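Here are my notes on the model, point by point. Please read them with the structure open.

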Number of protein chains: 2
Amino acid sequence: MIRVMIADDHQLFAEGLSQALDILPDTRVVGVVDSGPALETALETQPAEVSIVDIEMPGGDGIDTISGLGRRTNAIVVSMYASDEQKERAFRAGAKGFFSKGVPLVTLAAAIRAVADGRDLISLDDTARDELLEEYGQARLDPGAASLTEREKEILQLLAVGVSATDELADRLYISQKTVKNHLASIFQKLAVSDRTQAAIEAIRLGIARPN
Amino acid sequence: MIRVMIADDHQLFAEGLSQALDILPDTRVVGVVDSGPALETALETQPAEVSIVDIEMPGGDGIDTISGLGRRTNAIVVSMYASDEQKERAFRAGAKGFFSKGVPLVTLAAAIRAVADGRDLISLDDTARDELLEEYGQARLDPGAASLTEREKEILQLLAVGVSATDELADRLYISQKTVKNHLASIFQKLAVSDRTQAAIEAIRLGIARPN
DNA sequence: TCGGTGATGGGCCTCAAGGCCCAAATGGTC
DNA sequence: GACCATTTGGGCCTTGAGGCCCATCACCGA
């Protein structure tokens with residue numbers, strides 16, 4: 001689980017991004033602050049592997065803050081109006097990544113995984129950077145969840161939308177109730193849970209299935 | 001369920017906000033577009049009670065788009081750098097709300113509920129607007145969920161974090177297993193579900209309990 | 001003071017859920 | 001051809017989950 005701190009004075013952006021990252025199975029937002037100094041303070045009591053820092057913030061430029069953070073966290077700078085000059089400054093301040101707010105969420109998520117893994121994105125050219133991001137595109141699931149088979153994931157998806165009874169699951173999948181129970185037993189073992197309620201929650205948490 | 005369309009060219013913002021609104025029990029994001037013309041097109045095939053429109057978008061000002069939408073949707077304008085002049089223009093274009101991106105998410109959520117309910121926020125002064133938003137601060141839950149008692153919510157919260165066995169629930173709450181089962185039976189009826197798996201999913205969906 | 005509601009519990013009954021072990025067919029890989 | 005993972009299915013057994021009806025006590029508002 002990668003702990004992420006967000007520093008941005010636009011609450012709508014910060015809270016939205018926070019929710020979005022919390023939904024990912026391998027990232028957890030541990031704090032949201034609205035200024036550079038607040039970021040420094042927050043990191044003292046709450047460590048975070050990665051910090052998302054906005055450039056445009058009141059009470060001091062976000063980039064100035066990064067220089068003082070040292071190796072306490074890996075900073076990724078995001079900017080509304082990204083320019084080469086800003087990127088250069090972010091690089092000199094020690095940021096590990098630099099993105100416009102126009103990039104898709106999956107790109108930022110991949111970048112978070114990459115810098116949390118010790119990689120440096122900011123010194124790469126665009127093609128090398130995109131290749132690296134491709135490499136980190138998928139959330140690394142728990143060992144158990146990673147070994148789920150297609151059929152097992154299918155059952156988990158149904159579970160997570162409320163198809164919980166054995167006979168309903170069997171009907172939906174055109175297999176016997178016994179086979180459903182066998183798959184479930186295998187799922188329980190892989191996810192280290194003991195019943196379908198816990199399995200459904202795990203499926204939602206891991207992002208294998210979406211509720212609603 | 002209030003259907004919401006988001007028009008913003010900054011993907012990180014739009015996707016983050018989208019996830020955040022989807023988590024709320026009474027709002028559903030049905031589309032995300034990145035320009036004014038795309039918003040018009042999207043609304044033709046996918047109706048939405050409320051549209052969140054950014055002012056600053058490429059290929060035409062977001063406010064110009066709103067005038068052409070008429071009563072197809074209720075527009076709420078959000079701006080990075082909110083000014084009185086922008087607010088005035090949004091008002092004349094027929095927007096029902098105007099906010100800076102610096103407002104908290106709960107404020108925007110309340111505004112969405114208010115305008116979906118036919119209210120007009122933009123013509124109110126600040127105090128009257130805040131009072132109205134206060135009124136719409138809480139998500140209106142389904143009739144069943146609204147009648148849940150404190151104890152029932154407590155049980156749902158435990159369920160949603162994986163405490164699914166009757167004996168564990170009884171231990172945590174210092175009551176007998178029989179009482180747990182009685183409460184659960186009551187919960188099933190109120191939420192119109194048939195087992196604890198579905199109840200846990202509903203609890204998460206309704207925002208009564210948080211997973212993770 | 002009286003009713004309504006919520007929280008606590010009991011009894012009883014039925015069937016589904018989960019545990020355990022096993023087997024056959026399939027499809028890919030070494 | 002042999003091996004392995006996946007999917008499908010069986011049998012058997014124990015216990016827990018859920019359905020239904022009822023009782024007591026505390027609290028609160030009319």
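1. Aromatic pairs come to zero over all chains. The rule pairs rings of Phe, Tyr and Trp (its six-membered ring) if their centres lie within 6.5 Å; planes under 30 degrees apart count as stacked, over 60 as edge-to-face and the rest as tilted.

2. Basis of these notes. This is a predicted model, in which local features need pLDDT of at least 70 and side-chain atom pairs count only at pLDDT 80 or more, while totals for chains, interfaces and linings use all residues. Residues are numbered from 1 along each chain as its sequence is written, chains are lettered from A and ligands numbered from 1 in the order in which they are written, and side-chain values use heavy atoms, leaving out hydrogens and water.

3. Rings do meet charges. In chain A, the charged end of Lys101(A) sits over the ring of Phe13(A), 4.1 Å from the ring centre. In chain B, Lys101(B) places its charged end over the ring of Phe13(B), 4.1 Å from the centre. "Over" requires NZ of Lys or CZ of Arg within 6 Å of the ring centre and within 35 degrees of the ring normal.

4. How are the two copies related? A turn of 180 degrees and a shift of 0.0 Å along the axis lay chain A on chain B with an RMSD of 0.2 Å. That is the relation of a two-fold axis. The same surface serves both copies, as 100% of the contact residues of chain A recur in chain B. Superposition is by least squares on C-alpha atoms of residues with pLDDT of at least 70 in both. Contact means heavy atoms within 4.5 Å.

5. Helices α8 (residues 150–160) and α11 (residues 196–206) of chain A pack at about 100 degrees, with axes 9 Å apart. They are therefore roughly perpendicular (65 to 115 degrees). Leu156(A), Leu159(A) and Ala160(A) of α8(A) touch Arg196(A), Ala199(A), Ala200(A), Ala203(A) and Ile204(A) of α11(A). By class, that contact has seven nonpolar, no polar and one charged residues.

6. In chain B, α8(B) and α11(B) also pack at an angle of about 100 degrees, axes 9 Å apart. On the α8(B) side, Leu156(B), Leu159(B) and Ala160(B) meet residues of α11(B) including Arg196(B) and Ile204(B).

7. What does α8(A) meet in α10(A)? The axes of α8(A) and α10 (residues 177–191) of chain A come within 10 Å and cross at roughly 90 degrees. Residues of α8(A), among them Arg151(A) and Glu152(A), meet His183(A), Leu184(A), Ser186(A), Ile187(A), Lys190(A) and Leu191(A). This contact has six nonpolar, two polar and three charged residues.

Key: Axes fitted to C-alpha atoms, helices over the stretch in contact; angles between N-to-C directions. Helix = DSSP H or I, 4+ residues; strand = E, 2+ residues; numbered from the N terminus. Parallel < 35°, antiparallel > 145°, perpendicular 65-115°, else oblique. Nonpolar A, V, L, I, M, F, W, Y, C, P; charged D, E, K, R; others polar.
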